[in-house]
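Colleague: I have a structure to go through before the group meeting. Could you take me through it?

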Amino acid sequence: MIYLIGGPPRVGKSTLAWMLLERAGLPGCPTDALVSMLQRAAPEHGVRHGTHPDKAVLAEPFLVEFIRAAAEALDASDPRDGYVVEGDIVTPAAATAAAYLGIPLTAVFLGNTRLTPAHLRAAPDWLEGADDSTYREIAAWVRDRSAALRDTCAAGGHAYVELGAGYAQGIERAYSTLLQRA
């Protein structure tokens, strides 16, 4: 089983992935590694780090191929065998494309429509050296992306968990959602 975790930056994807790694003993990979490889080794594809809107679309064929390869490496005789893939390029469209290929997967998408600059400042390494306007712009961008993701998930039948109303409870709900759908 492939466990997909998507959503905009700073909403809890890595935290949820670590929960699966620690509690369920599943291996995994953040998609930042895939983006870095594509950015450096195949810049002609235009996949690069950042908050640009086309990143996930450009990365989708590579992500789906990575998911397919990860699924093929799993032991089909072991129902508990799985692999976690998390990142901001994991989208409902990528999950749908992978499922269309017959890949056994479950996905949850996280968002935070209440994210504030103060929340972003809690992880200063992410926007190190940024000014107040950058924090405000990124927080607004994440809120907007979260709202759009929520609507896309509702339209496509994908699981979406809002973390703005209670982070700890939301992460636990997302964890349960992934395991229940597996």
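Modeller: Certainly; please keep in mind that this is a predicted model. A convenient place to begin is leucine 4, which is in contact with Ile67, Val85, Val90, Ala95, Leu105, Thr106, Ala107, Val108 and Leu178, leaving aside its neighbours within four places in sequence.

Colleague: Which residues touch the most other members of the largest nonpolar core?

Modeller: Ile2, Leu4 and Leu63 do, in a core of 30 residues. Strand S1 (2-6), helix H2 (31-41), H3, strand S3 (83-87), H4, S4 and H6 each supply at least two residues of this core. The largest share, seven residues, comes from H3.

Colleague: What does the second, separate core include?

Modeller: Among its 25 residues are Leu20, Leu120, Tyr135 and Ala139. As a general point, nonpolar side chains in soluble globular proteins tend to be buried together.

Colleague: Let us turn to H6. What should its 25 residues span?

Modeller: At 1.5 Å a residue, helix H6 (residues 132-156) should span 36 Å, and its end C-alpha atoms are 36 Å apart, which agrees.

Colleague: And which residues of H6 are buried?

Modeller: They are Tyr135, Ile138, Ala139, Val142, Ser146, Leu149 and Cys153. These buried residues pack against helix H4 (92-100), strand S4 (105-111), helix H5 (117-121) and strand S5 (159-162).

Colleague: Why would residues three or four places apart in a helix point the same way?

Modeller: An α-helix has 3.6 residues a turn, so residues with that spacing point the same way.

Colleague: What comes just after H6?

Modeller: Glycine 157 does, and it takes a positive phi of about 75°.

Colleague: Which residue other than glycine has a positive phi?

Modeller: Arginine 10 is one such residue, with phi near 65°. Arginine 10 is found in the loop between S1 and H1.

Colleague: Is arginine 10 buried or partly exposed?

Modeller: Arginine 10 counts as partly exposed, because its relative accessibility is 38% and the partly exposed range lies between 20% and 50%.

Colleague: Now the pockets. What volume does the largest pocket have?

Modeller: The volume is about 660 Å³. Of the 29 residues that line this pocket, the closest to its centre are Pro9, Arg10, Val11, Gly12 and Lys13.

Colleague: Which elements give two or more residues to that lining?

Modeller: They are helix H1 (13-23), H2, S3 and H5. H1 provides the largest share of the lining, three residues.

Colleague: Lysine 13 was in that list. Where is its place?

Modeller: Lysine 13 is in helix H1, and it is buried, with a relative accessible area of 8%. Not counting residues up to four places away in sequence, lysine 13 touches Ile5, Gly6, Gly7, Pro8, Glu86, Gly87, Asp88 and Leu110. Lysine 13 and alanine 174 are 161 residues apart in sequence and 9.8 Å apart in space, C-alpha to C-alpha.

Colleague: Asp88 interests me. With which lysine does the side chain of aspartate 88 make a polar contact?

Modeller: With lysine 55: the two side chains make a polar contact at 2.9 Å. Lysine 55 lies in helix H3 (residues 55-72) and is buried, with a relative accessible area of 5%. Apart from neighbours within four places in sequence, lysine 55 is in contact with Arg48, His49, Gly50, Asp88 and Ile89.

Colleague: Val11 also lines the pocket. How many residues along the chain separate it from leucine 163?

Modeller: They are 152 residues apart along the chain, while their C-alpha atoms are separated by 7.1 Å. Leucine 163 lies in the loop between S5 and helix H7 (167-181). Its relative accessible area is 2%, so leucine 163 is buried. Residues up to four places away in sequence aside, leucine 163 touches Val11, Gly12, Leu110, Gly111, Asn112, Gly170 and Ile171.

Colleague: One last residue, glycine 82. Is it buried or exposed?

Modeller: Glycine 82 counts as buried, at 1% relative accessibility. Its place is in the loop between H3 and S3. Leaving aside neighbours within four places in sequence, glycine 82 is in contact with Met1, Tyr3, Leu26, Pro27 and Leu74.

Colleague: And how far apart in space are glycine 82 and threonine 116?

Modeller: They are 34 Å apart, C-alpha to C-alpha, and 34 residues apart in sequence.

Note on methods:
Residues numbered from 1 in each chain as written. Predicted model: local features only at pLDDT ≥ 70, side-chain atom pairs only at ≥ 80, totals over all residues. Heavy atoms only, no water. Helix = DSSP H or I, 4+ residues; strand = E, 2+ residues; numbered from the N terminus. Buried < 20%, exposed > 50% of the residue type's maximum accessible area, 1.4 Å probe, protein only. Polar contact = N/O pair within 3.5 Å; in protein donor to acceptor, adjacent residues only side chain to side chain. Contact = heavy atoms within 4.5 Å. Expected span 1.5 Å × (residues − 1). Core = buried A, V, L, I, M, F, W, Y, C linked by side-chain atoms within 4.5 Å. 1 Å grid on protein atoms, 1.4 Å probe; cavity = no way out; pocket = protein on both sides within 12 Å on 5 of 7 lines; lining within 4 Å. Points joined across faces, edges and corners; volume = space filled by probe spheres on them.
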